[in-house]
Amino acid sequence: MIETILAAEGGAPEGAAVFFPAGYDILWSLVVFVVIAAFFGIFAIPKFRKILDERAERIEGGIAHAEAAQAEAAKALDEYKKQLADARAEAARIREAARAEGAEILADLKQQAQAESDRVTANAHVQIEAERAAAVASLRAEVGSLAIDLASGVIGESLTDDAKASAVVDRFLADLEAEQNSKAGR
């Protein structure tokens, strides 16, 4: 097209050939281009592809490894949560068992304390009854000797005969007890 314009104006100036290379230049440029393209097509591009494929494989392997690690971490988390729930349930069961055992021990201790209290009370009653019987016997002897002395003074006769004195004292005490029982019954 530029040649057409130049031809229409009346001829091509000398510098017009500079813009268009000669045929041999185009041919050698084309040969060099083909050699460089062949070199890149045969050697460089396959190496670049191999490097890029290895990098892609490493990235994909890293992603797969990360996904596997993430799945394993999720599995471990689920297992940890399950173990934690089991531990909490076990702790609750142990607490309940301890409470029940504590209540049982407390009931046993109360029962033992009640039994000990009953035993001490029974021993106290026996001891009180024994002391009362001893006091009654002692009082009978004292009252008997006082009654004999009093009766001897009233009667004016000596009651030194033990059998007679004992009969008088027993009769006196029996009358006294009968009088107390009749007052208590009223």
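The legends below accompany an overall view and several close-up views of a predicted model.

**View 1. Overall architecture of the predicted model.** The protein contains four helices and zero strands, and its elements follow the order α-α-α-α from the N terminus. Of its 186 residues, 6% are classed as buried. The accessible surface amounts to about 15900 Å², and carbon and sulfur atoms contribute 63% of that area. Five salt bridges are present in the structure; three of the pairs involved, R93 with E90, R99 with E96 and E179 with K183, are treated in the later views.

**View 2. The largest pocket and its lining.** This pocket has a volume of about 170 Å³. Its lining consists of V136, L139, R140, V143, L173, L176, E177 and Q180. Two helices, α3 (23-155) and α4 (162-185), each provide at least two of the lining residues. Sorted by class, the lining comprises five nonpolar residues, one polar residue and two charged residues. The charged class is represented by R140 and E177, and the polar class by Q180. The nonpolar part of the lining is made up of V136, L139, V143, L173 and L176.

**View 3. A nonpolar patch on the surface.** The patch covers about 670 Å² and is formed by V32, I36, F39, F40, I42, F43 and I45. One of these residues, F43, lies in helix α3. The relative accessibility of F43 is 48%, so this residue is classed as partly exposed. The value for F43 lies between the limits of 20% and 50% that bound the partly exposed class.

**View 4. The salt bridge between R93 and E90.** The side chains of R93 and E90 form a salt bridge with an N to O distance of 2.4 Å. Both residues belong to helix α3, and because they are three residues apart there, about one helical turn separates them. R93 is partly exposed, with a relative accessibility of 48%. Its partner E90 is likewise classed as partly exposed, at 36% relative accessibility.

**View 5. The salt bridge between R99 and E96.** In this pair, the closest N and O atoms are 2.6 Å apart. R99 and E96 are also residues of helix α3, where a spacing of three residues places them about one helical turn from each other. R99 has a relative accessible area of 51% and therefore counts as exposed, the threshold for that class being over 50%. E96, at 46% relative accessibility, is partly exposed.

**View 6. The salt bridge between E179 and K183 in helix α4.** The side chains of E179 and K183 meet with an N to O distance of 3.6 Å, which satisfies the salt-bridge criterion of within 4 Å. The two residues are four positions apart in helix α4, so they are separated by about one helical turn. E179 is partly exposed, with a relative accessibility of 43%. K183 is exposed, its relative accessible area being 56%. Helix α4 also supplies at least two residues to the lining of the largest pocket, as shown in View 2.

Terms used
Residues are numbered from 1 along each chain as its sequence is written. This is a predicted model: local features need pLDDT of at least 70, side-chain atom pairs count only at pLDDT 80 or more; totals for chains, interfaces and linings use all residues. Side-chain values use heavy atoms; hydrogens and water are left out. On a 1 Å grid over the protein atoms alone, a cavity is a set of points where a 1.4 Å probe fits but cannot get out, and a pocket is an open set with protein on both sides within 12 Å along at least five of seven lines; lining residues have an atom within 4 Å of a point. Grid points are joined across faces, edges and corners, and a volume is the space filled by probe spheres set on the points. Ala, Val, Leu, Ile, Met, Phe, Trp, Tyr, Cys and Pro count as nonpolar, Asp, Glu, Lys and Arg as charged, and the others, Gly among them, as polar. Patches are made of residues with over 30% relative accessible area and no salt bridge: like charges are joined within 9 Å, nonpolar side chains (Val, Leu, Ile, Met, Phe, Trp, Tyr) within 5 Å. Accessible areas come from the Shrake-Rupley method with a 1.4 Å probe; for residues, only the protein chains shown count as cover. Buried means under 20% relative accessible area, exposed over 50%, partly exposed in between (1.4 Å probe, protein chains only).
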